[in-house]
Protein chains: 2
Amino acid sequence: MGVVTPPTAKAPKQDRSRATRQRLLEAAVACLAEVGWAGSTVTVVAERAGVSRGAAQHHFPTREDLFTAAVEYVAEERSQALRELPSQNRAAVVAALVDLYTGPLFRAALHLWVAASNEEQLRPRVTELEAKVGRETHRIAVRLLGADESRPGVRETVQGLLDMARGLGLANLLTDDAARRQRVVAQWAALVENALG
Amino acid sequence: MGVVTPPTAKAPKQDRSRATRQRLLEAAVACLAEVGWAGSTVTVVAERAGVSRGAAQHHFPTREDLFTAAVEYVAEERSQALRELPSQNRAAVVAALVDLYTGPLFRAALHLWVAASNEEQLRPRVTELEAKVGRETHRIAVRLLGADESRPGVRETVQGLLDMARGLGLANLLTDDAARRQRVVAQWAALVENALG
DNA sequence: ATCAAAGCAAGCATGCTTGCTTGTTTCCAC
DNA sequence: GTGGAAACAAGCAAGCATGCTTGCTTTGAT
């Protein structure tokens, strides 16, 4: 396929193909969130996407290819969800940020991180993309919170807040403790409010 | 085996047996931290423990039995590490608490959580033990920090701090960013110091 | 309308993990 | 020391996931 095709490189392709590819990626993410890494076999993903396993293997020759693409897909989705956060008062912003870490996207990302920590092939890509999303998250958080990063400690305060959100999301993996989370968020929103002046 | 043996139920057994069992559990935890859940096959664990696979299967008839026991072992180890924390000034206590979330024990526990979130058999036990360890962690943190939980918000402040530690540990899974962590910990220690009065 | 290429479906072969079963060694009690 | 049970080692069969190969269908261009 690598040969030089006419000017229009490879983008146009076929609509059906792009749709199938999209469905496969969505199914991969959903499976990741629901049955984890080991459970997300290509057969399972293909079934969920409503295509045959052969079709899946056509788009992504190897399982690694599929989930490498899924990693980027998740990163893009999370980035998009992030950019769509509305600007509100600080307490609401903190709550909204934390909410980003309790949805299926975060669950999928979490499974991906843990899997990547032991899959040599996945690790670099996940690490790179996560760093990128992390930086973007920090930037947007600073903006939404109206934080002045020139003041000492402010940067670390925001970073810690995001780390806390990650930790809350992790705690949410096993037990859905929304009530506790809400109290913690409220308290720390106040503390952050205080720290940011 | 279930028949009523003499008064001394089943404890004494044989020393070698207990040693082997111990080695298997340690190996299971180490493998969990190093090669993750899917990679921790009983063959791998047995090899690491220096025993044959048959011996492993003798002590733990099924893979599930092995890791169910490993879950409790990890919980006990984490609990013990927790109780051994020295009493110091608040900044040092915060740093020490966070350190609990960056070692191999936490890595193993993390893999266990993620695996348990999709393994019906493991999930209840992990959830239960994690809740127990979580409560103990909170209790000890409160004591070491000299926090007065009767004051409103104090409980949530400590919980949030522990959630942040979890988040830092999670971030540490892929990239070892000790430098960033240190800065965040310093800042948050100050915030906590402030909030606790 | 036709033709070539891409998308898609199904079957096959390989490798790996698990659990069981059989055989050998070590330990404790009598 | 002998007997018996537990601990350990090794081999075997079944199940499953991956990757490959083959053949059919749809698409888009000529």
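Let me start with the two protein copies: a turn of 180 degrees and a shift of 0.0 Å along the axis lay chain A on chain B with an RMSD of 0.1 Å. That is the relation of a two-fold axis; the superposition is by least squares on C-alpha atoms of residues with pLDDT of at least 70 in both copies.

This is a predicted model, where local features need pLDDT of at least 70, side-chain atom pairs count only at pLDDT 80 or more, and totals for chains, interfaces and linings use all residues. Residues are numbered from 1 along each chain as its sequence is written, and chains are lettered from A and ligands numbered from 1 in the order written.

Of the interface residues of chain A, 100% are also interface residues in chain B, so the copies meet through the same surface.

Now one residue, A:Leu168. It lies in helix H8 of chain A, residues 154-174; helices are DSSP runs of H or I, at least four residues, numbered from the N terminus. A:Leu168 counts as buried because it has 26 C-beta neighbours inside 10 Å, the cut-off being 20 or more other C-beta atoms, placed from the backbone. Beyond its neighbours within four places in sequence, A:Leu168 is in contact with A:Val98, A:Tyr101, A:Arg181, A:Val184 and B:Asp163, contact being C-beta atoms within 7 Å.

Last, the DNA. There are 23 residues around DNA strand C, and A:Ser17, A:Thr20, A:Ser52, A:Gly54 and A:Ala55 come nearest; near means a C-beta atom within 6 Å of the strand. H3(A) gives the most to this surface, with four residues.

Conventions
Helix = DSSP H or I, 4+ residues; strand = E, 2+ residues; numbered from the N terminus. Buried ≥ 20, exposed ≤ 12 C-beta atoms within 10 Å, placed from the backbone. Contact = placed C-beta atoms within 7 Å.
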